[in-house]
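Please work through the exercises below with the sequence and the structure at hand, trying each task before reading its solution.

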Amino acid sequence: MTAEASTVGATAQTDEAPFEGVRRMAVLRGGGIGDLVAALPALEALRAAYRDAEIVLLTTPKLSTVLKGRPTPVDRIVRVPFFPDAPDAQGRTWREDPDTQEVVADLRSEGVDLAVQLHGGGANSNPFVAALGAPHTVGCATREALRLERNMPHVYYQREVSRWLEVASLAGAPAVVTDPRLAVVPADAAAAADWLRPGPGLVVVHPGATDPRRRWPADRFAAVAAELAADGWQVLVVGDDGERGLADGIAHDAAGLAPSAAARIASAAGRTSLQGLLGLLATARLVVANDSGPRHLAQALGTPTASVYWGPNLINAGPTGRRRHRVQVSWRQLCPVCGADGTDPFLQPCEHEVPWVDGVATERVLADARDLLAGS
């Protein structure tokens with residue numbers, strides 16, 4: 001089905017005036033933690049433009065816990081059991097999942113006046129948004145995707161925050177903030193309290209990343225952690241259960257590099273709740289990380305970051321300012337093993353799970369970290 005042949009809505013509109021009579025708005029956003037964070041400014045824009053409407057965020061169970069218990073632009077969160085992404089290994093989609101069909105039916109019964117797609121190119125998500133039965137729809141669309149009433153082309157290389165702000169503007173919701181922000185609540189600090197030690201402050205290190213190309217080598221993180229601990233900072237390596245071995249190894253190696261500061265180095269990976277992680281990120285004086293969910297959460301919480309980026313990801317997910325957020329960038333385009341080009345975002349270049357950012361020098365990241373900790 002071509003984009004030109006299918007448009008949701010009686011008449012395709014291109015103006016950006018607010019829709020009238022919107023009492024309930026459904027907003028679709030899944031993906032990873034960084035994806036949710038990137039959509040926060042768009043949600044704030046929609047909140048400001050539609051003050052009297054109920055905003056219902058349709059998201060995954062994991063992402064719903066990020067916003068739980070803190071003030072946000074949304075009024076209600078609905079968990080979508082089978083998210084409208086590409087078909088799973090058995091070829092199933094959200095249409096074959098009874099629980100997800102029940103979610104769609106419930107929303108149709110309640111009545112949705114405006115449905116906003118902040119999830120991707122629309123191949124899988126636009127039909128889901130259309131199924132909600134809203135008279136007004138906005139979002140992105142690739143050439144092959146179902147077009148919504150007001151839509152913009154999905155071009156991969158664009159800052160994600162800007163992309164979703166553009167979508168919000170299609171609904172007559174201009175930007176009120178241009179960088180993500182996430183409120184800190186007292187429960188964050190309480191959940192993190194057991195990990196904090198007396199001293200000048202905490203540095204959090206997150207060495208993980210979903211894409212192996214974005215993972216700076218573990219020995220570099222250990223070297224930075226050792227130097228910062230020797231400077232007197234408490235250093236805590238964080239991660240989820242799957243990153244526990246990586247984080248524990250980095251903490252062990254860092255302690256070996258700085259034996260006099262070993263007591264100030266530890267790993268909390270796999271041992272904290274998400275709320276505890278948020279508390280640590282909010283409390284920290286600095287977060288040293290790859291381009292990852294915790295790095296994006298730290299920025300949204302107002303914590304400075306020193307990070308390592310693969311060049312293409314810097315376009316889509318890099319911080320805009322440099323007063324509080326420093327980046328060191330690898331511009332490698334080709335796989336270091338086989339030479340495959342990795343810059344086409346829709347093609348997997350090869351199967352080699354090796355870092356493409358190992359050309360970033362330890363000294364540069366350490367210098368960024370010390371500058372930020374010194375307040376320069």
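The exercises that follow concern a predicted model, and each is solved step by step.

**Exercise 1. Describe the open sheet of six strands: its strand order, its edges and its twist.**

Step 1. Reading across the open sheet, the six strands come in the order E9-E8-E7-E10-E11-E12, and their pairing is parallel.

Step 2. The edges are formed by strand E9 (265–267) and strand E12 (325–330), each of which pairs on one side only. From one strand to the next, the twist averages 20°.

Step 3. For a detail of the pairing, take strand E7 (residues 202–206) and strand E8 (residues 234–237), which run parallel and are joined by four bridges. Within this pair, Val 203 has Val 235 of E8 as its bridge partner.

Step 4. Finally, look for the helix that lies across E7, strand E10 (286–290), strand E11 (305–310) and E12: this is helix H10 (residues 293–301), which runs at about 140° to E11.

**Exercise 2. Decide whether the length of helix H3 (residues 98–110) agrees with its number of residues, and find out how its buried residues are arranged.**

Step 1. H3 has 13 residues, and at 1.5 Å a residue, counting one less than the number of residues, the helix should span 18 Å. Its end C-alpha atoms are 18 Å apart, so the expected span and the model agree.

Step 2. The buried residues of H3 are to be listed next, where buried means under 20% relative accessible area; Thr 100, Val 103, Val 104 and Leu 107 are buried in this helix.

Step 3. Viewed down the helix axis, the buried residues of H3 fall within an arc of 95°, and therefore they line one face of the helix. The face turned away from them carries the exposed residues Pro 98 and Ser 109.

Step 4. The cover over the buried residues of H3 includes strand E2 (54–59), strand E3 (76–79) and helix H4 (125–131).

Step 5. Ala 105 also lies in H3, but with a relative accessible area of 42% this residue is partly exposed, because that value falls between the limits of 20% and 50%. The C-alpha atoms of Ala 105 and Ala 131 are 8.9 Å from each other, although the two residues are 26 residues apart along the chain.

Step 6. Just after the helix, Gly 111 takes a positive phi of about 95°.

**Exercise 3. Which residues have the most contacts inside the largest nonpolar core, and what surrounds one of them?**

Step 1. The largest nonpolar core has 55 residues, and those with the most contacts inside it are Met 25, Val 27, Leu 46, Val 116, Leu 118 and Leu 182. Helix H1 (residues 33–49) gives the largest share of this core, ten residues.

Step 2. Choose Leu 182: leaving aside residues up to four places away in sequence, Leu 182 touches several residues, among them Leu 40, Val 66, Arg 70, Leu 278 and Leu 301.

Step 3. Now choose Val 116, whose bridge partner in E5 is Val 138. Strand E4 (residues 114–117) and E5 run parallel and are joined by three bridges, and strand E5 (residues 136–141) is mostly covered, with six of its six residues buried.

Step 4. Separate from the largest core is a second one of 37 residues, which includes Val 205, Ala 258, Val 357 and Leu 373.

Methods: Residues numbered from 1 in each chain as written. Predicted model: local features only at pLDDT ≥ 70, side-chain atom pairs only at ≥ 80, totals over all residues. Heavy atoms only, no water. Pairing = 2+ DSSP bridges. Helix = DSSP H or I, 4+ residues; strand = E, 2+ residues; numbered from the N terminus. Axes fitted to C-alpha atoms, helices over the stretch in contact; angles between N-to-C directions. Contact = heavy atoms within 4.5 Å. Core = buried A, V, L, I, M, F, W, Y, C linked by side-chain atoms within 4.5 Å. Buried < 20%, exposed > 50% of the residue type's maximum accessible area, 1.4 Å probe, protein only. Arc of directions from axis to C-beta.
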